[in-house]
Amino acid sequence: MIRILISTLFLLFAATAPVRAINELLPPFGFRWGDPPRRVEAVLSGAKAKIVDKKQDGSRSIWTVEGLVHPGLQRTLFTFKNDKLMEVELQYEYPDWSIERYNDQMGTVRRYFDGKYGVGKLVSRSRDTDTDIVQTLVGYQWMVGTTMLELFYFSAEKPPHTFRTITVDYKALSLNPNLIVLVILFLIGITFPET
């Protein structure tokens with residue numbers, strides 16, 4: 001029985017490892033989920049990007065980076081949990097663009113992600129006019145394996161001032177290790193019921 005259990009666990013991990021690698025989004029700029037801060041810092045330094053802020057929040061560390069070259073990219077947030085890369089958020093701003101141009105860009109990016117990952121789920125559509133600052137938020141989400149991609153448009157308007165941004169957020173979702181063990185034990189019970 002022990003041999004069967006060990007064989008089953010080995011086959012289960014061997015069979016699911018390549019599937020997970022194929023069915024997940026990779027973070028941008030050639031990074032990998034779980035990259036340590038020193039690797040991320042070395043790549044950023046090589047790209048002549050600057051870490052302008054580092055914040056610590058418990059086991060999470062959030063870096064604000066400027067200088068990565070991509071049209072409209074103002075800043076990128078790198079989030080590490082327990083010294084492993086878990087999230088990359090790209091924040092785009094186009095100061096000279098009209099709301100129509102932002103809407104067109106949002107539609108273009110959404111259609112691109114829909115074509116690549118399937119139709120995204122609308123997770124937010126709100127317009128707050130309760131104060132003198134009119135705020136609009138529209139967001140979509142794609143789940144790919146153990147990763148998530150979110151696309152948001154946000155604007156805050158108080159004439160004559162307007163702030164608009166489009167964010168693209170790549171996230172690695174982590175499973176609870178105890179849950180993984182329970183699922184494996186459940187599958188073993190189904191595969192090899194006791195007689």
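Which residues lie nearest the centre of the second largest pocket, and how many residues line this pocket? In this predicted model, the lining of the second largest pocket comprises 14 residues, and those nearest the centre are H70, L90, Y92, V109 and V168. Two or more lining residues are contributed by each of β4, α3 (99-117) and β8 (161-172). Helix α3 supplies the largest share, namely four residues. By residue class, the lining holds 12 nonpolar and two polar residues, with no charged residue. The volume of the second largest pocket is about 300 Å³.

Strand β4, one of the elements that line this pocket, spans residues 84-92 and pairs with β3 in the antiparallel sense. Strand β3 (residues 73-81) also pairs with strand β2 (residues 60-66), again antiparallel. The two pairings are set out below.

| Strand pair | Sense | Bridges | Residues between the strands |
|---|---|---|---|
| β2 and β3 | antiparallel | six | six |
| β3 and β4 | antiparallel | eight | two |

Each pairing can be illustrated by one residue pair. Between β2 and β3, S61 has F80 as its bridge partner. Between β3 and β4, K81 stands opposite K84.

Both pairs form hairpins. In the turn that links β2 to β3, G67 has a positive phi of about 105°. In the hairpin of β3 and β4, N82 takes a positive phi near 50°.

How values were computed: Residues numbered from 1 in each chain as written. Predicted model: local features only at pLDDT ≥ 70, side-chain atom pairs only at ≥ 80, totals over all residues. Heavy atoms only, no water. Pairing = 2+ DSSP bridges. 1 Å grid on protein atoms, 1.4 Å probe; cavity = no way out; pocket = protein on both sides within 12 Å on 5 of 7 lines; lining within 4 Å. Points joined across faces, edges and corners; volume = space filled by probe spheres on them. Nonpolar A, V, L, I, M, F, W, Y, C, P; charged D, E, K, R; others polar.
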